[in-house]
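Let's take a walk through this one, starting with the overall layout and ending at a few odd backbone spots. Keep the viewer open and follow along.

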Amino acid sequence: MNKKMKIEALWLIGVLVVLGAAAGLNIYTTGLPAFSIATKETPHTNINPNNHIIDVTGEQWAWVFTKENATGTHTCTDSLTIHVNTTYTLIVSSSKGSHQFAVIHDLYIAQFDIQIYAVPGQNNTITFTPVHTGVFIFECVEYCGYDHYLMRGYLTVVK
Ligand SMILES: [Cu+2]
């Protein structure tokens, strides 16, 4: 092995060490419990009545959130405010609203690792518990027509 080959081998080993360390750090960090900002259960059909239930309806082209509590029924469009360390169940469906069609939408809340389809005539449920306060973006990630891009808003988690 001449000198040039030794230098090349050293460079190769150096690059592999750096890439390996980056990959290891990435796997370690994303696996930490603190990295996740919400705990999540897989979709199920038996909803715990102690959970706070929110009806979510995808329409062309808005997300409508309906909550019921002691003070009555509250409806918000393209925004939702919830409380930290509280368990919520979203019941997600699609409706035609004031438009011509009910189509499939897909609610995506990136930082909560939540993605759930809104299908006409079907209730999909997902249960989660936010563990950090903040303002997070949600959006529709299923192309659903002309104003698909408008189907986005803010999820606010308060104390
Ligand atoms: Cu949509």
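Here is a tour of the fold, part by part.

First, the ground rules. This is a predicted model, where local features need pLDDT of at least 70, side-chain atom pairs count only at pLDDT 80 or more, and totals for chains, interfaces and linings use all residues. Residues are numbered from 1 along each chain as its sequence is written.

The chain splits into domain 1 (1-35) and domain 2 (38-158), with bounds that come from an automatic or database domain assignment. Taken over C-alpha atoms, the two centres lie 41 Å apart.

Start with helix H1, which covers residues 3-30. Helices (H or I, at least four residues) and strands (E, at least two) are DSSP runs here, numbered from the N terminus. The expected span of a helix is 1.5 Å times one less than its number of residues. For the 28 residues of H1 that gives 40 Å, and its end C-alpha atoms are 41 Å apart, which agrees. How many residues of H1 are buried? The number is 0, so H1 lies largely in the open. For burial, count the other C-beta atoms within 10 Å of a residue's own, with C-beta atoms placed from the backbone: 20 or more is buried, 12 or fewer is exposed, and in between is partly exposed. Ala-9, in H1, has 11 such neighbours and therefore counts as exposed. Ala-9 also sits 55 Å from Thr-87, C-alpha to C-alpha, with their positions 78 residues apart in sequence.

Now to the strands. An open sheet of 5 strands runs in the order E5-E11-E10-E7-E8, with mixed pairing; two strands pair if DSSP finds at least two bridges between them. Strands E5 (79-83) and E8 (114-118) stand at the edges with a single partner strand each, so one side of each has no neighbour in the sheet. Direction ignored, neighbouring strands are turned by 20° against each other on average. At one edge, E5 and E11 (residues 152-158) pair in the parallel sense over 5 bridges, and His-83 has Val-158 of E11 as its bridge partner. At the other, E7 and E8 pair in the antiparallel sense over 5 bridges, with His-105 opposite Ala-118 in E8. E7 and E8 form a hairpin with 4 residues between them, and Asp-113 in the turn has a positive phi of about 55°.

Next, the inside. A nonpolar core is a set of buried Ala, Val, Leu, Ile, Met, Phe, Trp, Tyr and Cys residues joined through C-beta atoms within 7 Å. The largest one has 18 residues, and those with the most contacts inside it are Val-56, Trp-63, Val-92 and Leu-107. Elements giving two or more residues to this core include E3 (62-69), E6 (88-94) and E7 (105-109). Leaving aside neighbours within four places in sequence, Leu-107 is in contact with residues including Val-56, Trp-63, Val-92 and Phe-138, where contact means C-beta atoms, placed from the backbone, within 7 Å.

Finally, the backbone oddities. Most residues other than glycine have a negative phi, and most peptide bonds are trans. The bond from Gln-60 to Trp-61 is cis, with omega near 5°, and Trp-61 is in the loop between E2 (52-59) and E3. Asp-78 has a positive phi near 55°; this residue lies in the loop between E4 (72-77) and E5. With 16 C-beta neighbours, Asp-78 counts as partly exposed. Asn-85, in the loop between E5 and E6, also has a positive phi of about 55°, but is exposed, with 11 other C-beta atoms within 10 Å.

Terms used. Axes fitted to C-alpha atoms, helices over the stretch in contact; angles between N-to-C directions. Contact = placed C-beta atoms within 7 Å.
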